[in-house]
Amino acid sequence: MEKIKTNPAPFDVDAVRRDFPMLATELDGKPLVYLDNAATTHKPRAVIDRIVKFESEQYAPVRRGSYRLGEAATEMFEDVRKKVAAFINAGDHRQIVFTSGATQSINLVAHSFGKRLLAGDEIIISNMEHHANTVPWQMLRDEKGCVLRVIPVNDDGTLSMEGYAKLLGPKTKLVAITQASNVLGTVNPIKEIVKMARSVGAKVLVDGAQSVPHMRIDVREMDCDFLAFSGHKIYAPNGVGVLFGKYDVLESMPPYVTGGDMINTVTLERATFAKPPGRFEAGTPAASQVIGLGAALEYVNGLGMEKIAAHEQSLLEYGTRVLSGVKGLRIIGNAPHKAAIISFWLEAAHPHDVITIIDQDNVAVRGGHHCAQPVMDRFKVPATTRASFSFYNKYEEIDALAENLQKVIKVFG
Ligand code: PLP
């Protein structure tokens with residue numbers, strides 16, 4: 001096979017890999033080749049150690065204890081809110097709501113912002129959304145009698161901007177759109193999407209689950225009203241996520257989950273509610289996870305988001321060329337601007353068979369509908385195999401995937 005030229009990474013990938021204990025593990029004597037980073041990412045030692053330190057030396061109830069330990073824990077927790085705000089250039093840390101993940105962030109908007117919508121109001125999503133950014137809007141449509149409109153996707157996996165323009169109108173109240181598709185990899189032109197939504201006075205929610213971990217995000221530049229993302233896809237623990245919301249928009253929204261911590265006063269008759277973000281953070285928060293998220297953001301900031309993006313784009317380019325050389329392999333999603341995700345259909349075998357066979361060599365990729373069945377229907381496939389890269393991946397791991405696909409072809413021929 002012709003040797004494909006590779007760009008040197010802008011950091012020492014081997015040294016970075018040593019920061020991630022999971023990447024040094026083996027199964028049946030075979031090293032882990034982890035190419036399922038769109039599903040979830042591994043944690044660097046710095047994140048694991050930070051959580052252990054918090055749990056073993058600093059743990060106390062946040063936002064409750066007025067004793068010194070509790071106050072210190074609360075300060076650390078609130079400090080992460082400031083870190084998140086800086087990470088996405090939100091300006092004001094009161095615009096950062098901690099949730100359990102992107103799914104809950106989107107549901108929060110659907111239930112709270114959605115409460116004000118009326119029958120006939122229109123919500124726009126796209127044909128490439130994750131179920132987390134589809135089902136909440138279907139539920140809202142059914143409950144309120146809203147109209148759900150869907151932006152078509154072109155054959156190359158780009159969003160149809162003409163299609164989008166046609167859907168916008170005076171009844172459009174919200175556009176809920178992914179910044180990067182978890183199946184196609186397509187990166188959507190959010191700034192333009194927001195600008196067009198503004199022309200009809202609509203708000204915009206951006207699903208950043210697949211973009212925030214992989215590119216520099218600036219919510220002020222994008223001018224979106226909401227941005228949702230998950231901690232576990234950005235090297236932080238499970239169970240923590242973020243909803244960014246413009247303060248005036250958050251302030252105008254009613255509570256979603258109710259209970260402790262989200263109130264000002266409660267009598268037996270009624271309650272008054274705290275200002276955001278507290279209004280949307282009912283109950284005891286996932287403090288250790290939030291602390292872990294802070295450490296994860298420090299870690300990626302240390303590497304530099306631009307450098308992360310540059311290496312991942314080189315992996316994408318290399319992976320696209322290598323996989324295109326595999327007989328009977330069709331890449332689904334060929335947009336000019338993509339996150340480092342390659343979904344494909346292999347003529348020889350169903351994705352479930354592909355992943356089972358290559359798993360024998362401890363190569364981990366995902367096979368299935370990726371919680372995005374509408375985009376599977378769009379491309380007329382029941383499922384795809386998906387390789388998704390992180391800054392800790394190496395070109396050799398893509399070679400290992402390609403070699404394993406050759407084995408699959410031999411088996412199913
Ligand atoms: N949106 C996109 C584009 C995703 O890829 C995912 C998860 O894969 C989600 C939303 C939901 O994220 P979570 O399951 O962490 O809430």
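Trainee: How far is an oxygen atom of the ligand from an N or O atom in the side chain of H232?

Mentor: Heads-up, this is a predicted model: local features need pLDDT of at least 70, side-chain atom pairs count only at pLDDT 80 or more, and totals for chains, interfaces and linings use all residues. Residues are numbered from 1 along each chain as its sequence is written, and side-chain values use heavy atoms, without hydrogens and water. For H232, the gap to that ligand oxygen is 2.7 Å.

Trainee: And which residue has a polar side-chain atom 3.4 Å from an oxygen atom of the ligand?

Mentor: Don't pick S230, whose side-chain N or O atom is 2.6 Å from a ligand oxygen. The 3.4 Å pair involves a polar side-chain atom of H130.

Trainee: How much of the ligand's accessible area does the protein cover?

Mentor: On its own, the ligand has 390 Å² of accessible area (Shrake-Rupley method, 1.4 Å probe). The share covered by the protein is 86%.

Trainee: Which residues come nearest to the ligand?

Mentor: There are 13 residues around it, each with a heavy atom within 4 Å. By class, that shell has three nonpolar, eight polar and two charged residues, with Gly put among the polar ones. The nearest are T103, D207, S230, H232 and K233.

Trainee: So where does the ligand sit?

Mentor: "Sits in" takes more than half of its atoms within 2 Å of the grid points. A pocket is an open set of points on a 1 Å grid, with protein on both sides within 12 Å along at least five of seven lines; lining residues have an atom within 4 Å of a point. By that test, the ligand's home is the largest pocket.

Trainee: Which residues are closest to the centre of the largest pocket?

Mentor: This pocket has a volume of about 270 Å³. Its lining divides into seven nonpolar, 11 polar and four charged residues. Of the 22 lining residues, the closest to the centre are T103, H130, A209, S230 and K233.

Trainee: How much space lies in the second largest pocket?

Mentor: Here 18 residues do the lining, with F98, T99, Q104, A282 and P285 nearest the centre. They split into 10 nonpolar, six polar and two charged. The space is about 230 Å³.

Trainee: What volume does the largest cavity have?

Mentor: A cavity is where a 1.4 Å probe fits but cannot get out, and the structure holds one of 30 Å³ or more. Among its lining residues are N37, H214, E312 and F389, and the lining divides into five nonpolar, four polar and one charged. Its volume is about 50 Å³.

Key: Points joined across faces, edges and corners; volume = space filled by probe spheres on them. Polar contact = N/O pair within 3.5 Å; in protein donor to acceptor, adjacent residues only side chain to side chain.
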